[in-house]
Amino acid sequence: MADSANTSFFNDVCAFFDHAAQFTNHPAGLLDQIKACNSVYRFRFPIRKANGGVEVIDAWRVEHSHHMSPTKGGIRYSEMVNEDEVMALAALMTYKCAIVNVPFGGAKGGIKINTRNYTIAELENITRRFTVELVKKNFIGPAIDVPAPDYGSGEREMSWIADTYYTMNPGQLDAMGCVTGKPIALHGIHGRREATGRGVAIAIRECVDVAEDMKELGLTAGIAGKRVIVQGLGNVGFHTANFLSEMGAILVGLCEYEGAIYNSNGLDLAEVVAHRKDTGSILGFGGAEQEFKNSALGLEQECDILVPAALENQITASNIGRIKAKIIAEAANGPTSPEAADAFTQRGGIIIPDMYCNAGGVTVSYFEWLKNLSHVAFGRMDKRYEENANLTLVTMVEKMTGVSLTAEQRSLVIKGASELELVNSGLEDTMVRSYHEIRNIQKRNPKINDLRTAAFVGAIEKVAVSYMNMGIWP
Ligand code: NAD
């Protein structure tokens, strides 16, 4: 495979696709249709600056595949964003949704700004105007294309998008399903905020629980005691680090854009975050044994698992030789270049590929969209019913056996599921099942030597079946 140094992110994704496609039996034309970005909308719009001036903003929305509707994918706010990157991320969304059986096509948006350079009012203007442009061109809607947060955007931006869309579509019953990642108070869903990180942690746990695979890496099975370095302390990185710590992993390293810190005995995540809030930097943290002003050096320290959770192209031909981890869990999209991935796999390492690893976010976005279409929170209708039924059963068993449960045991047994518990259950089931589906594809074909190829093979099969069933019309 080609190295990303000479090519583009979208070409990287296509190179991974082409490599996997040789293990499928589909005609070239169908593979071309799956691979292509169906619609690329590039637009520019003016906003009024706080100082009275006018600035022109570059933006994109790409719908990669319409084999399922709506299409779905986050909006990236970054001064580095460009058309190629948005196309690549949109394509990854198609494959990601297929892998975790979320019935959407892939899409992605981009707004070329550094959010730090704008006031909140300006960011609101940018976001609302971006949404208006999407409405004008029919690039947003609960049955058309449903954005979500990505790098540089979050619940606040999703609220502005939902409100703008609804204002332009008054009375549309399902309008709130036009975007996901909204706050709870504005038709969001419990568990969405931390869903991607929770999913990444579950993906890693599933991987390290397979004793046979860990033996090949010279590691013991199980997440407890595994040494982890996380790059990026944003939404995905923070929650991944938090859940991995809860599972018993040791957080030995953290990398942010201002630098990296390391302690072989473990870093306390909450303390690091508090320190960064106070000082504006992770550097200078008292609990670190070592710190690096060059953040990239943080990736090269001793650990079992490296979790890049910031941006693409962080692990390339130039640093892969110095990466000490045996597992790379791609929490970010596209953090490993094709050449680096090849080198890592050849020396026996495991890469948990982005398109599966960070799919927890879109999985819970799907649940949020379902909630918006049904206009009722999960568990609202049946929680009390379930509790009453469980209580009846417990009372009968107590009577029949003469054994009484303690109050604590009783409330544990009768408790009905909350929305958060249902969301987390659906998320865990999705991540666990998908991991083993991908691993089984790999194990079934000795020529497939990595999980990414296996994930692409699975995704291509599913998207191909949809396209073949749909046919071509007109
Ligand atoms: P975010 O904006 O919340 O956080 C990104 C973090 O990375 C920030 O703290 C930023 O300071 C840090 N960072 C930037 N450059 C860095 C560098 N060179 N070294 C170290 N840290 C750096 O973004 P996010 O939502 O957490 O997204 C991170 C990645 O995860 C992106 O690739 C995104 O596409 C992917 N992703 C996000 C979601 C989601 O639900 N938010 C879902 C799937 C995939």
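A polar contact, as I use the term today, is a pair of N or O atoms within 3.5 Å; within protein, one must be able to donate a hydrogen and the other to accept it, and residues adjacent in sequence count only if both atoms are side-chain atoms. This is a predicted model, where local features need pLDDT of at least 70, side-chain atom pairs count only at pLDDT 80 or more, and totals for chains, interfaces and linings use all residues. Residues are numbered from 1 along each chain as its sequence is written, and side-chain values use heavy atoms, with hydrogens and water left out.

I start with the ligand. Arg76 has a polar side-chain atom 2.8 Å from a ligand oxygen atom. Asn333 also places a polar side-chain atom by a ligand oxygen, at 2.9 Å. With Val236, a polar backbone atom is 2.9 Å from an oxygen of the ligand. On its own the ligand has 830 Å² of accessible area, and the protein covers 87% of that; the areas come from the Shrake-Rupley method with a 1.4 Å probe, and for residues only the protein chains shown count as cover.

Which elements give two or more residues to the shell around the ligand? They are α8 (235-246) and β7 (250-256). Helices (H or I, at least four residues) and strands (E, at least two) are DSSP runs, numbered from the N terminus. The ligand has 22 residues around it, and Arg76, Asp150, Thr196, Glu256 and Asn333 come nearest; to be near, a residue needs a heavy atom within 4 Å. By class, nine residues of the shell are nonpolar, nine are polar and four are charged. Here Ala, Val, Leu, Ile, Met, Phe, Trp, Tyr, Cys and Pro count as nonpolar, Asp, Glu, Lys and Arg as charged, and the others, Gly among them, as polar.

Arg76 comes up again in the salt bridges, of which the structure holds 35. A salt bridge is a side-chain nitrogen of Lys or Arg within 4 Å of a carboxyl oxygen of Asp or Glu. One joins the side chains of Arg76 and Glu312, at 2.8 Å from N to O. The two residues are 236 apart in the chain: Arg76 is in strand β3 (residues 71-77), and Glu312 is in the loop between β10 (305-308) and β11 (327-329). Side chains of opposite charge can pair when their charged atoms come close.

Next, the cavities. On a 1 Å grid over the protein atoms alone, a cavity is a set of points where a 1.4 Å probe fits but cannot get out, and lining residues have an atom within 4 Å of a point. Grid points are joined across faces, edges and corners, and a volume is the space filled by probe spheres set on the points. How many cavities of 30 Å³ or more does the structure hold? There are two.

The largest has a volume of about 70 Å³. Its lining includes Phe9, Leu92, Asp354 and Arg452, and helix α1 (residues 9-21) gives the largest share, four residues. The second largest has a volume of about 30 Å³. Among its lining residues are Ile99, Glu437 and Lys462. Helix α16 supplies the largest share there, four residues.

Last, the backbone. Most residues other than glycine have a negative phi, and most peptide bonds are trans. Ser69 and Pro70 are joined by a cis peptide bond, with omega about 0 degrees, and Pro70 sits in the loop between β2 (54-63) and β3. Another cis bond joins Trp473 and Pro474, with Pro474 in the segment after α16. His187 has a positive phi, near 65 degrees, and is in the loop between α5 (155-168) and α6 (195-208).

Notes:
On a 1 Å grid over the protein atoms alone, a cavity is a set of points where a 1.4 Å probe fits but cannot get out, and a pocket is an open set with protein on both sides within 12 Å along at least five of seven lines; lining residues have an atom within 4 Å of a point.
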